[in-house]
Amino acid sequence: MPRQNNTQKHQPFRLARNCEDKRRFRSEKDALETAEHQMLINPGLELGVYKCHFCSNWHLTSQAKRSNNS
């Protein structure tokens, strides 16, 4: 029985923009205020903010900050 050639079609490289579906804030202050509000509504939730290098806006994150000593 001959093998089947199951090659995948070539997909051009596309840099993933993780921010397309995320809420955007124009300033760090706006993002921090929203994060604080969300943490008051949902006890136990810890949010941070970061500046996106794709869209230059600010986003919320639940990811823990990385320490420089790691």
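This passage walks through the fold, the helix, the core and a few individual residues of a predicted model.

The overall layout is easy to follow. The protein contains 1 helix and 2 strands, and along the sequence these elements come in the order α-β-β. Of the 70 residues in the protein, 19% are buried. The accessible surface amounts to about 6900 Å², and carbon and sulfur atoms contribute 46% of that area. Among contacts with a separation of 6 or more, 45% link residues that are 24 or more positions apart.

Helix α1 is a good place to begin a closer look. The helix covers residues 28-41, which gives it 14 residues. From the first C-alpha to the last, α1 reaches 20 Å, close to the 20 Å expected at 1.5 Å a residue. Three of its residues, Ala-31, Thr-34 and Ala-35, are buried. Viewed down the axis of α1, the buried residues fall within an arc of 100 degrees, so they line one face of the helix. The cover over these buried residues includes β1 and β2. On the other side of α1, the exposed residues Lys-29 and Leu-40 are found.

The helix also carries the one salt bridge of the structure. Here the side chains of Lys-29 and Glu-33 meet, with an N to O distance of 3.8 Å. The two residues sit 4 residues apart within α1, about one turn of the helix. In general, side chains of opposite charge can pair when their charged atoms come close. As for their surroundings, Lys-29 is exposed, with a relative accessible area of 57%, while Glu-33 is partly exposed at 43%.

Attention now turns to the interior. The largest nonpolar core consists of 5 residues: Phe-25, Ala-31, Ala-35, Val-49 and Trp-58. Ala-31 and Ala-35 are also two of the buried residues of α1, whereas Val-49 falls within β1 (48-51) and Trp-58 within β2 (58-61). Grouping of this kind fits a broader tendency: in soluble globular proteins, nonpolar side chains tend to be buried together. The contacts of Val-49 help to picture this core. Beyond its neighbours within four places in sequence, Val-49 is in contact with Glu-28, Ala-31, Leu-32 and Ala-35, and also with Trp-58, His-59, Leu-60 and Thr-61.

The loop between β1 and β2 holds Asn-57. Is this polar-named position buried or exposed in the case of Asn-57? With a relative accessibility of 16%, Asn-57 counts as buried, because the cut-off for that class is under 20%. Leaving out residues up to four places away in sequence, Asn-57 touches Arg-24, Phe-25 and Arg-26, together with Tyr-50, Lys-51 and Cys-52. One of these partners, Phe-25, is a member of the largest nonpolar core.

Finally, the segment after β2 includes Ser-62. At 54% relative accessibility, Ser-62 counts as exposed. Even so, Ser-62 touches Glu-46 and Leu-47, with residues up to four places away in sequence not counted. Ser-62 and Leu-47 are 15 residues apart along the chain, and their C-alpha atoms are separated by 4.7 Å.

Key: Residues numbered from 1 in each chain as written. Predicted model: local features only at pLDDT ≥ 70, side-chain atom pairs only at ≥ 80, totals over all residues. Heavy atoms only, no water. Core = buried A, V, L, I, M, F, W, Y, C linked by side-chain atoms within 4.5 Å. Buried < 20%, exposed > 50% of the residue type's maximum accessible area, 1.4 Å probe, protein only. Contact = heavy atoms within 4.5 Å. Areas by Shrake-Rupley, 256 points an atom, 1.4 Å probe, with all protein chains shown as cover. Salt bridge = Lys/Arg side-chain N within 4 Å of Asp/Glu carboxyl O. Expected span 1.5 Å × (residues − 1). Arc of directions from axis to C-beta.
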